Amino acid sequence: MENLSGKTAIVTGASSGIGKSIARRLAKEGMNVVLAARSAEKLADVEEEINSGGSGEAIAVPTDMADQSSVRALVQQARNAYSAVDVLVNNAGQMLAGTVRSGKTNEWDSMIDVNIKGVLYGVDAVLPEMIQRGSGHLLNIDSVSGHEVTKTSTVYSATKFAVRAISMGLEKELARTGVRVTNISPGMVDTPLMGSRSVDRKILDPENIADAIVYALTQPAHVNVNEITIRPV
Ligand SMILES: NC(=O)c1ccc[n+]([C@@H]2O[C@H](COP(=O)([O-])OP(=O)(O)OC[C@H]3O[C@@H](n4cnc5c(N)ncnc54)[C@H](OP(=O)(O)O)[C@@H]3O)[C@@H](O)[C@H]2O)c1
């Protein structure tokens, strides 16, 4: 898919941070962007900004990625608006840092439901049509925490290791189908997810991750960029 203009992308977690930046960037490339997150109000702001920007267009579809019926409804609304879904960016995620010893099981459930099940629900809802068409691109926003673990990131890292496993398995499952799979592993990015964590260097901007998405999407159709890891210097 060298030319993105007129193609359709669903971006999950598009109300904030990295997802918002990816949505803006894909619209600038001329894509139709379907914005998903729980916050209808924040999504409406992004939708309005994109639709008044002059290139590409957006629709907002409030969605809970932890709820499979909500994810199916999202994909159905995308098809109703634009007929086919060419790209799914699985970006919605939660990072609730803490040790396993602290026993916050409700936070584990929430991260597992959004970060792992949400990715699978998204893939499940778009994949049959992509396979039938012989084209499509799944991009999963993983993390360097999907490659490394610290003492306060055990459960978050477990979810992000799972995202990488899903990407790796899908790449093998989908070989020769025409459907591409890209796993993107950012280091620290300046978004609300980082909270008030203090940093001693310039960290990544969300736009740096959007650049990586466009790089993977604009390769020739036979080129599958499987893994991109991006850290601040
Ligand atoms: N920031 C970093 O340093 C960093 C580094 C590596 C990887 N990442 C990954 O990048 C992704 C985006 O994170 P971010 O930094 O941009 O964080 P963010 O600004 O907090 O954005 C998270 C997004 O996920 C959405 N979301 C959360 N739960 C959801 C649910 N149940 N259903 C639908 N949407 C949901 C949020 O929207 P609502 O609250 O409106 O639902 C929001 O749009 C995450 O997967 C994160 O793990 C971030």
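**View 1. Residues around the ligand in a predicted model.** In this predicted model, 30 residues surround the ligand (a residue counts if one of its heavy atoms lies within 4 Å). The closest are Ser-15, Ser-16, Arg-38, Tyr-156 and Thr-191. Helix 1 (17–28) and helix 5 (154–173) each supply at least two residues of this shell; helices are DSSP runs of H or I with at least four residues, numbered from the N terminus. Residue numbers start from 1 along each chain as its sequence is written, and side-chain values use heavy atoms, without hydrogens and water. Local features need pLDDT of at least 70, side-chain atom pairs count only at pLDDT 80 or more, and totals for chains, interfaces and linings use all residues.

**View 2. Polar contacts of the ligand (pairs of N or O atoms within 3.5 Å).** One ligand nitrogen is 2.9 Å from a polar backbone atom of Met-65. A polar side-chain atom of Gln-94 lies 3.0 Å from a ligand nitrogen. For Val-189, a backbone N or O atom is 2.7 Å from a ligand oxygen.

**View 3. Arg-164 over a ring.** Arg-164 lies over the face of Phe-161, 5.8 Å from the ring centre (CZ of Arg must be within 6 Å of the centre and within 35 degrees of the ring normal).

Terms used
A polar contact is a pair of N or O atoms within 3.5 Å; within protein, one must be able to donate a hydrogen and the other to accept it, and residues adjacent in sequence count only if both atoms are side-chain atoms.
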